[in-house]
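Please look over the sequence and the structure shown below before reading on. The paragraphs that follow begin with a single residue and then lead outward to the rest of the protein.

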Amino acid sequence: MSQVLDRPGLRQQLLAARRDWAGTAGFAAAQQRVSQRLRELLAQLEPEVLGVYWPLPGEFEVAGLSAQQALPYAFKAARRMDYRRWDGRAPSLQDECGIPACEGAVLVPDVVLVPCVGFTRAGYRLGYGGGYFDRWLAAHPGVTSVGLAWSGAEVALAPEPHDLPLTLILTETDVIVPE
């Protein structure tokens with residue numbers, strides 16, 4: 001478990017470790033374990049609309065979930081995130097952060113998958129620092145939020161006032177249900 005007080009420094013450290021790890025044979029096996037665990041979890045949750053993200057390098061690859069009404073998110077002006085219906089084709093747009101986005105209708109998922117740069121056992125995540133997911137989750141209370149993280153990204157981190165705990169966190173080794 002990493003322990004750094006400075007969030008930007010911790011974020012850089014975790015992203016560098018993730019880049020290194022993503023190039024190993026263990027990474028593909030971890031992807032398979034998370035995929036299997038996630039399919040089992042989604043079978044239990046039975047989402048009507050599943051919100052997913054377009055993966056950045058080293059993040060869990062969620063694109064294979066498109067058969068389950070997967071929706072990648074799209075960023076909009078004023079640092080706001082929306083989920084949009086996805087037709088399964090490669091997105092033709094990029095949002096303000098340079099992440100592929102789609103033009104479908106805006107929808108509000110009942111279950112969202114949230115990428116984690118880092119996480120705590122209490123359910124808090126360290127993201128990329130933009131606050132998009134925190135603001136979206138705050139505006140949509142009651143949505144089930146499933147953090148997807150790699151076990152090596154567990155950190156000791158005190159939550160900030162704007163941080164919201166995730167409903168649960170799924171790693172290649174664990175399903176963490178915060179108390």
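Thr-120 touches Val-155, Leu-157 and Ile-169, when residues up to four places away in sequence are not counted; touching, or contact, here means heavy atoms within 4.5 Å. This residue, Thr-120, lies in the loop between strand S8 (118-119) and strand S9 (125-126), where helices (H or I, at least four residues) and strands (E, at least two) are DSSP runs, numbered from the N terminus. Although Thr-120 lies in a loop, Thr-120 is buried, with a relative accessible area of 6%; buried stands for under 20% relative accessible area, exposed for over 50%, and partly exposed for what lies in between, with a 1.4 Å probe and protein chains only.

A word on the source is needed at this point. This is a predicted model, in which local features need pLDDT of at least 70 and side-chain atom pairs count only at pLDDT 80 or more, while totals for chains, interfaces and linings use all residues. Residues are numbered from 1 along each chain as its sequence is written, and side-chain values use heavy atoms, with hydrogens and water left out.

Taken as a whole, the protein has three helices and 12 strands, and 48% of its 179 residues are buried. Of the contacts in the protein with a separation of 6 or more, 61% are between residues 24 or more positions apart. The exposed surface of the protein comes to about 8,900 Å², of which carbon and sulfur atoms supply 53%; accessible areas come from the Shrake-Rupley method with a 1.4 Å probe, and for residues only the protein chains shown count as cover.

Helix H1 (7-22) is a good place to continue. H1 has 16 residues and reaches 22 Å from its first C-alpha to its last, close to the 22 Å expected at 1.5 Å a residue, the expected span being 1.5 Å times one less than the number of residues. The buried residues of H1 are Arg-7, Leu-10, Arg-11, Leu-14, Leu-15 and Arg-18. They cover an arc of only 130 degrees around the axis, which puts them on the same side of H1; the arc is that of the directions from the helix axis to the C-beta atoms. These buried residues of H1 pack against S8 and S9, whereas the face turned away from them carries the exposed residues Gln-12, Arg-19 and Asp-20. At the N-terminal end of H1, Asp-6 acts as a cap, with a side-chain oxygen 2.6 Å from the backbone nitrogen of Gly-9. Leu-10, for its part, has a relative accessible area of 0%, and its C-alpha atom is separated by 9.4 Å from that of Val-117, 107 residues apart along the chain.

Helix H2 (residues 25-45) can be read in a similar way. Its 21 residues should span 30 Å at 1.5 Å a residue, and its end C-alpha atoms are 31 Å apart, which agrees. Among the buried residues of H2 are Phe-27, Val-34, Leu-38 and Leu-42. Seen down the axis of H2, the buried residues fall within an arc of 145 degrees, so they line one face of the helix. What covers them includes H1, strand S1 (50-52), S7, strand S10 (144-148) and strand S11 (168-170), while the face turned away carries the exposed residues Ala-25, Gln-32, Ala-43 and Gln-44. Gln-36, also found in helix H2, is partly exposed, with a relative accessible area of 44%.

Beyond S11, Thr-171 lies in the loop between S11 and strand S12 (175-176), and Thr-171 is buried, with a relative accessible area of 1%. Leaving aside neighbours within four places in sequence, Thr-171 is in contact with residues including Val-34, Phe-119 and Trp-150.

Which residues touch the most other members of the largest nonpolar core? Of its 23 residues, they are Leu-14, Val-112 and Trp-136; such a core is a set of buried Ala, Val, Leu, Ile, Met, Phe, Trp, Tyr and Cys residues joined through side-chain atoms within 4.5 Å. H1, strand S3 (80-84), strand S7 (111-115) and helix H3 (132-139) each supply at least two residues of this core, and H3 gives the most, with four residues. A second, separate core of 18 residues includes Phe-27, Phe-60, Leu-113 and Leu-170. In soluble globular proteins, nonpolar side chains tend to be buried together.

Notes:
A polar contact is a pair of N or O atoms within 3.5 Å; within protein, one must be able to donate a hydrogen and the other to accept it, and residues adjacent in sequence count only if both atoms are side-chain atoms.
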